[in-house]
Amino acid sequence: MKRKIIIEIISSLLILLFLYASVSKWLAFKLFIGDMNNQPFPNWLTPWIVWSVPILEVLIAVGLIFEKTRVPALYASLLLMLAFTIYTVAILLHAFKFIPCSCGGVIRKLTWPQHLFFNLFFVGISLAGIILKKSEPVHAVEV
């Protein structure tokens with residue numbers, strides 16, 4: 001029972017994160033597009049990124065709601081947060097000249113070291129959710 005509650009808390013935190021992030025990107029869509037055009041990616045990627053990232057965040061959040069899709073959504077959460085974390089580490093290692101934060105809402109106000117810890121926290125809980133879900137006992141279905 002404790003494991004189920006922890007998995008629900010982890011899922012809820014990730015749902016809040018991804019819904020908040022996607023909605024704040026859409027509410028300040030022009031700013032998000034401008035920030036993406038200032039990233040160290042070719043500008044031809046901007047239309048793909050500005051639509052796919054928020055949509056992916058929503059899809060992950062929805063996947064975390066349902067029991068059948070929770071494990072794949074936890075893996076997707078882990079992969080997305082790992083990508084954001086690797087990018088943050090590259091920024092902290094000065095791999096790029098200037099990088100505006102393209103995060104939405106209050107997350108935008110974090111410093112890059114704070115972003116790193118923030119991302120690592122969500123990487124950690126995504127991984128913990130996967131481990132907890134994978135180690136759940138399998139119940140036999142009675143016919």
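Which residue just after helix 4 takes a positive phi? The residue is His94, and point 6 below comes back to its phi of about 60 degrees. Here are some friendly notes on the model, which is a predicted one.

1. **Overall picture.** The protein is built from five helices and zero strands, so a helix-by-helix reading follows from the order α-α-α-α-α, counted from the N terminus. Its C-alpha atoms fill a box of roughly 60 × 25 × 25 Å along the principal axes. There are 143 residues, of which 37% count as buried. If you take the contacts with a separation of 6 or more, 72% of them come from residues 24 or more positions apart.

2. **Helix 1 against helix 5.** Helix 1 covers residues 2-27 and helix 5 covers residues 112-134; the two pack at an angle of about 140 degrees, and their axes are 10 Å apart. That angle makes helix 1 oblique to helix 5. For a roughly antiparallel pair the angle would have to be over 145 degrees. The crossing of this pair is left-handed. On the helix 1 side the contact is made by Arg3, Ile6, Ile7, Ile10, Leu13, Leu14 and Leu17, and among their partners in helix 5 are Phe118, Phe121, Phe122, Ile125 and Leu132. Sorted by type, the residues of this contact are 12 nonpolar, two polar and two charged. An α-helix has 3.6 residues a turn, so residues three or four places apart point the same way. The helix 1 list, with Ile6, Ile10, Leu13 and Leu17 in it, can be read with that in mind.

3. **Helix 2 against helix 3.** Here the axes come within 9 Å and cross at roughly 125 degrees, and the two helices are therefore oblique to each other. Helix 2 passes helix 3 in a right-handed crossing. Phe29, Phe32, Ile33, Met36 and Asn37 come from helix 2, and they meet Thr46, Ile49, Val50, Trp51 and Pro54 in helix 3. This contact divides into eight nonpolar and two polar residues, with no charged ones. Elsewhere in helix 2 sits Lys30, which is exposed because its relative accessible area is 77%. Lys30 and Asn119 are 89 residues apart along the chain, and their C-alpha atoms are separated by 24 Å.

4. **Helix 3 and Leu64.** The 20 residues of helix 3 should span 28 Å at 1.5 Å a residue, and the 29 Å between its end C-alpha atoms agrees with that. Its buried residues are Thr46, Ile49, Val50, Val53, Pro54, Glu57, Ile60, Ala61, Gly63 and Leu64; what covers them includes helix 1, helix 2 and helix 4. Leu64 has a relative accessible area of 0%, so it counts as buried. Beyond its neighbours within four places in sequence, Leu64 touches Ser11, Leu14, Ile15, Arg70, Ala73 and Leu74. The C-alpha atoms of Leu64 and Leu74 are 6.9 Å apart, with their positions 10 residues apart in sequence.

5. **Helix 4 and Thr85.** Helix 4 runs over residues 70-92, and its 23 residues should span 33 Å at 1.5 Å a residue; the end C-alpha atoms are 32 Å apart, which agrees. Buried in this helix are Arg70, Ala73, Leu74, Ser77, Leu78, Leu80, Met81, Thr85, Tyr87, Thr88 and Ile91, and these residues pack against helix 1, helix 3 and helix 5. Thr85 is a good one to click on: its relative accessibility is 7%, so it counts as buried. Setting aside neighbours within four places in sequence, its contacts are Leu116, Asn119, Leu120 and Val123.

6. **His94, the residue from the opening question.** His94 lies in the loop between helix 4 and helix 5. Most residues other than glycine have a negative phi. The phi of His94 is near 60 degrees, a positive value in a residue other than glycine. Is this residue buried or exposed? It is exposed, because its relative accessibility is 67% and the cut-off for exposed is over 50%.

Notes. Residues numbered from 1 in each chain as written. Predicted model: local features only at pLDDT ≥ 70, side-chain atom pairs only at ≥ 80, totals over all residues. Heavy atoms only, no water. Axes fitted to C-alpha atoms, helices over the stretch in contact; angles between N-to-C directions. Helix = DSSP H or I, 4+ residues; strand = E, 2+ residues; numbered from the N terminus. Parallel < 35°, antiparallel > 145°, perpendicular 65-115°, else oblique. Left-handed = near helix turned anticlockwise from the far one by under 90°. Contact = heavy atoms within 4.5 Å. Nonpolar A, V, L, I, M, F, W, Y, C, P; charged D, E, K, R; others polar. Expected span 1.5 Å × (residues − 1). Buried < 20%, exposed > 50% of the residue type's maximum accessible area, 1.4 Å probe, protein only.
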